[in-house]
Amino acid sequence: MAIVDVKVPQLSESVAEATLLQWKKKPGEQVALDEILIEIETDKVVLEVPAPAAGVLAEIVQGDGATVTADQLIAKIDTEGKASAAAPAAAPAQAAAPAAAAAAPAGGSKAGVAMPAAAKMMADNNMAAGSVPGTGRDGRVTKGDVIGSLAGGAARPAAGSPVPVSTAPKAALPQVAAPVGAPDLGDRPEQRVPMTRLRARVAERLLQSQSTNAILTTFNEVNMAPVMEMRKRFQEKFEKEHGVKIGFMSFFVKAAVHALKKYPVLNASVDGNDIVYHGYFDIGIAVGSPRGLVVPILRNADQMSFADIEKKIAEFGQKARDGKLGIDEMTGGTFSISNGGVFGSMLSTPIINPPQSAILGVHATKDRAVVENGQVVIRPINYLAMSYDHRIIDGREAVLGLVAMKEALEDPARLLFDI
């Protein structure tokens, strides 16, 4: 017997521990070299753990939901072993369970995946993965699902199926089993779900930002007609040449870099009693993902073309949806842009992403009545908001910086001549 250890990969220096999500293999099952065995969630990213060798999964040392550290032993692979006869038999049993995966929406590959708290409870009670149907988002198994399964011992309805209660819910609330011993809430169900590591980390950083920065927000409005006209004029040729469409974000990134060059303190950060002026422009792009808010970084954005920016943002968006963003892709950054306009936001006061000192909030572009040369005309207007740390950025620099972004967007030719 030749045993190969499966260990937790190296984590970022700022990450002390992580959580095992759900094993994709059971002891006794055959595994191939580099086959993904489990995903590990940190407060920044989800890491995949591939099999270091081909063979049979001999032992799972740390079960679903366990808290682990870098280089910790979590499983063992027997490179000379053969799959046990009992292992394949597990597949029909899982297929006989309610078809949560089939009932999940398109792209619902998460069906049947247990949330960390649920996974830990299943492991503590020796419950096989897939034995509990999930009623959470995208068919995920919640702690309430496990409690209900333990209490009733009967199969629960698949995600999206009606809950067998005497009175149907009046609102589209999560349909979950009440915890054992909890009062009957009737048509007022509740669901208690522990924060993921990423969500908890985001909450911590937002509180840190508000408690340590003197945050102030300045606003301005920008006429997006020149940008929209330029996009319309060159969209077809641009897409044919570069294989990607021109979006608004590349213009916002270029306009932000243009302003940061004019007012370097907007690109600076605070370190104790020092102000650190950065001679590079690493722009964070806030991206919503199924796991929460992430901010991947456009490195040296001042050296990127419009096509480079659009391709990178598209890549970040796909990686965020798939949970594939690497720690190095979200580390650092000197300034951030948050585009709530894609969700319909009209105005907001974005929170600074520490240790940065400023962030630009972009919103939905809407036709509005404005006055030009004494005449009321209709223009596509976008409200810009820039939050800044008033400890090092005075109102003058903040306002003039936002005006510089406005002027660059209303006359995109400025970006070509850097004026």
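Colleague: Is Asn300 buried, partly exposed or exposed?
Modeller: This is a predicted model, and in it Asn300 sits in the loop between strand 15 (297-298) and helix 8 (306-322). Buried would need under 20% relative accessible area and exposed would need over 50%. Asn300 has a relative accessibility of 33%, so its class is partly exposed.

Colleague: What is the phi of Asn300, which is not a glycine?
Modeller: Asn300 belongs to the loop between strand 15 and helix 8. Although Asn300 is not a glycine, its phi is positive, at about 50°.

Colleague: Which other asparagine has a positive phi, at about 55°?
Modeller: Look in the loop between strand 18 (366-372) and strand 19 (375-389). The residue there is exposed, with a relative accessible area of 81%. It is not a glycine either, and its name is Asn373.

Colleague: Which residue does a cis peptide bond join to Pro354?
Modeller: Omega for this bond is about 5°. The partner is placed in the loop between strand 16 (335-339) and strand 17 (358-362). The residue joined to Pro354 is Pro355.

Colleague: Let me step back for a moment. How many strands are there in the protein?
Modeller: The protein has 419 residues, of which 44% count as buried. Its secondary structure includes ten helices, and the number of strands is 19.

Colleague: Among contacts between residues at least 6 apart in sequence, what share joins residues at least 24 apart?
Modeller: A contact here means heavy atoms within 4.5 Å. Counting the pairs at least 6 apart in sequence, the share that joins residues at least 24 apart is 63%.

Colleague: How far apart are the end C-alpha atoms of helix 5 (residues 197-212)?
Modeller: Helix 5 has 16 residues, and at 1.5 Å a residue they should span 22 Å. The model agrees with that expectation, because the distance between the end C-alpha atoms is 22 Å.

Colleague: What arc do the buried residues of helix 5 cover around the axis?
Modeller: The residues in question are Arg197, Leu198, Arg201, Val202 and Ser209. They lie on the same side of helix 5, because the arc they cover is only 130°.

Colleague: Which exposed residues are on the face of helix 5 turned away from its buried side?
Modeller: The buried residues of helix 5 pack against several strands, including strand 4 (36-41), strand 9 (215-223) and strand 14 (292-294). The face turned away from them carries the exposed residues Leu207 and Ser211.

Colleague: Which residue of helix 9 meets Arg396 in a salt bridge?
Modeller: Arg396 counts as exposed, at 55% relative accessibility. Its partner is one of the buried residues of helix 9, a group that also includes Ala398, Gly401 and Leu402. The N to O distance is 3.4 Å, and the partner is Glu397.

Colleague: How far is Arg414 from Ala404 in space, C-alpha to C-alpha?
Modeller: Arg414 is found in helix 10 and counts as partly exposed, at 24% relative accessibility. Beyond residues up to four places away in sequence, Arg414 touches Glu407, Ala408 and Ile419. Ala404 is ten residues from Arg414 in sequence, and the C-alpha distance is 10.0 Å.

Colleague: What accessible area do Leu416, Phe417 and Ile419 have together?
Modeller: Ile419 lies in the segment after helix 10 (413-417). Together with Leu416 and Phe417, Ile419 forms a nonpolar patch on the surface, and their accessible area is about 380 Å².

Colleague: How many residues apart in sequence are the parts tied together by Glu35 and Lys25?
Modeller: The side chains of Glu35 and Lys25 meet in a salt bridge, at 3.3 Å from N to O. Glu35 lies in the loop between strand 3 (30-31) and strand 4, and Lys25 in the loop between strand 2 and strand 3, so the separation in sequence of the parts they tie together is ten residues.

Colleague: Which residue meets Asp282 in a salt bridge?
Modeller: Asp282 is buried, with a relative accessible area of 8%. Its partner is partly exposed, with a relative accessible area of 34%. The N to O distance is 3.6 Å, and the partner is Arg299.

Colleague: How many salt bridges does the structure hold?
Modeller: Some residues are linked in a network of salt bridges, namely Lys312, Glu315, Lys319 and Glu329. For the structure, the number of salt bridges is twelve.

How values were computed
Residues numbered from 1 in each chain as written. Predicted model: local features only at pLDDT ≥ 70, side-chain atom pairs only at ≥ 80, totals over all residues. Heavy atoms only, no water. Helix = DSSP H or I, 4+ residues; strand = E, 2+ residues; numbered from the N terminus. Buried < 20%, exposed > 50% of the residue type's maximum accessible area, 1.4 Å probe, protein only. Expected span 1.5 Å × (residues − 1). Arc of directions from axis to C-beta. Patch = residues over 30% accessible without salt bridge, like charges linked within 9 Å, V, L, I, M, F, W, Y side chains within 5 Å. Areas by Shrake-Rupley, 256 points an atom, 1.4 Å probe, with all protein chains shown as cover. Salt bridge = Lys/Arg side-chain N within 4 Å of Asp/Glu carboxyl O.
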